[in-house]
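Student: Could you take me through one part of this model slowly, as if I were seeing a protein structure up close for the first time? I would like to know what surrounds a single residue and how that part compares with the rest of the chain.

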Amino acid sequence: MSIEVGSKLQGKVTGITHFGAFVELPGGSTGLVHISEVADNYVKDINEFLKVGDEVLVKVVNVEKDGKIGLSIRKAVDRPERPEASERPARPPRSDRPDRPARPFNSQRPSRPQGGSRPQGGGGRGPRPNQARPSLSFEDKMNRFLKDSEERISTLKRQTESKRGGRGARRG
């Protein structure tokens with residue numbers, strides 16, 4: 001009997017491993033049901049779902065050139081399709097949601113008072129991206145990057161040398 005992709009067959013579980021179950025198909029051939037194809041939900045232990053000797057309905061997912069047969073129990077079960085968008089209940093409008101006050105999409109946020117919890121200006125690693133900055137050429141950007149990198153490296157070297165006891169700690 002030739003096994004074709006998409007066909008549903010009755011098989012018998014002949015072996016269970018941590019990654020799936022081997023199922024003997026009609027005609028004597030054996031295929032593998034991967035653990036992810038056993039059930040619709042997460043399967044931590046395949047032994048909770050299958051035992052050796054169980055009769056199962058499987059769907060042939062793929063047949064490789066070297067004779068390996070990929071099977072699925074999950075896809076063999078006929079389930080109704082998911083409801084279309086028109087059949088789903090409509091989402092409530094944003095204004096009807098109780099956990100958030102309604103606000104037009106493009107409205108501006110209220111400004112923060114000066115005594116807010118965030119520091120104003122100067123904090124962080126540099127200028128904010130939305131502040132106006134003259135556009136730099138690629139070479140200028142590279143030069144700035146190299147300068148910053150060299151400063152950071154020299155700072156790191158100074159800090160590690162001071163922890164080791166200065167320049168005298170090197171042996172050459």
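Tutor: Happy to! Let's begin with a word we will need: a helix here is a DSSP run of type H or I with at least four residues, and helices are numbered from the N terminus. Keep in mind that this is a predicted model.

With that word in hand, here is the overall layout. The protein chain has one helix and five strands. Reading from the N terminus, the order is β-β-β-β-β-α.

Now for the close look, at glutamate 37. This residue sits in the loop that links β3 (30-34) with β4 (55-63). Is glutamate 37 buried or exposed? Its relative accessibility is 14%, so glutamate 37 counts as buried, the cut-off being under 20%. Across the protein chain, buried residues account for 16% of the 172 residues.

What does glutamate 37 touch, once residues up to four places away in sequence are set aside? The list is Leu71, Ser72, Ile73, Arg74 and Lys75. With one of these, serine 72, there is a polar contact: the side chains of glutamate 37 and serine 72 come to 2.6 Å. For the wider picture, take the contacts in the protein chain between residues at least 6 apart in sequence: 48% of them join residues at least 24 apart.

Let's turn to an aromatic pair. The count for this model is one. Phenylalanine 19 and phenylalanine 22 form this pair, with 6.4 Å from centre to centre and 85° between the planes. The arrangement is called edge-to-face because planes over 60 degrees apart count that way. Phenylalanine 19 has 33% relative accessibility and counts as partly exposed. Its partner, phenylalanine 22, is partly exposed too, at 30%.

Finally, come over to the helix. Phenylalanine 138 lies in helix α1, which covers residues 138-164. Phenylalanine 138 has 59% relative accessibility, so this residue counts as exposed, the cut-off being over 50%. Phenylalanine 138 also belongs to a nonpolar patch on the surface, along with Met142, Phe145 and Leu146. Together these four residues have about 430 Å² of accessible area. The protein chain as a whole exposes about 14800 Å², and carbon and sulfur atoms supply 51% of that area.

To look back at your starting point: glutamate 37 is buried, whereas phenylalanine 138 is exposed.

Technical notes:
Residues are numbered from 1 along each chain as its sequence is written. This is a predicted model: local features need pLDDT of at least 70, side-chain atom pairs count only at pLDDT 80 or more; totals for chains, interfaces and linings use all residues. Side-chain values use heavy atoms; hydrogens and water are left out. Rings of Phe, Tyr and Trp (its six-membered ring) pair if their centres lie within 6.5 Å; planes under 30 degrees apart count as stacked, over 60 as edge-to-face and the rest as tilted. Buried means under 20% relative accessible area, exposed over 50%, partly exposed in between (1.4 Å probe, protein chains only). Patches are made of residues with over 30% relative accessible area and no salt bridge: like charges are joined within 9 Å, nonpolar side chains (Val, Leu, Ile, Met, Phe, Trp, Tyr) within 5 Å. Accessible areas come from the Shrake-Rupley method with a 1.4 Å probe; for residues, only the protein chains shown count as cover. A salt bridge is a side-chain nitrogen of Lys or Arg within 4 Å of a carboxyl oxygen of Asp or Glu. Helices (H or I, at least four residues) and strands (E, at least two) are DSSP runs, numbered from the N terminus. A polar contact is a pair of N or O atoms within 3.5 Å; within protein, one must be able to donate a hydrogen and the other to accept it, and residues adjacent in sequence count only if both atoms are side-chain atoms. Contact means heavy atoms within 4.5 Å.
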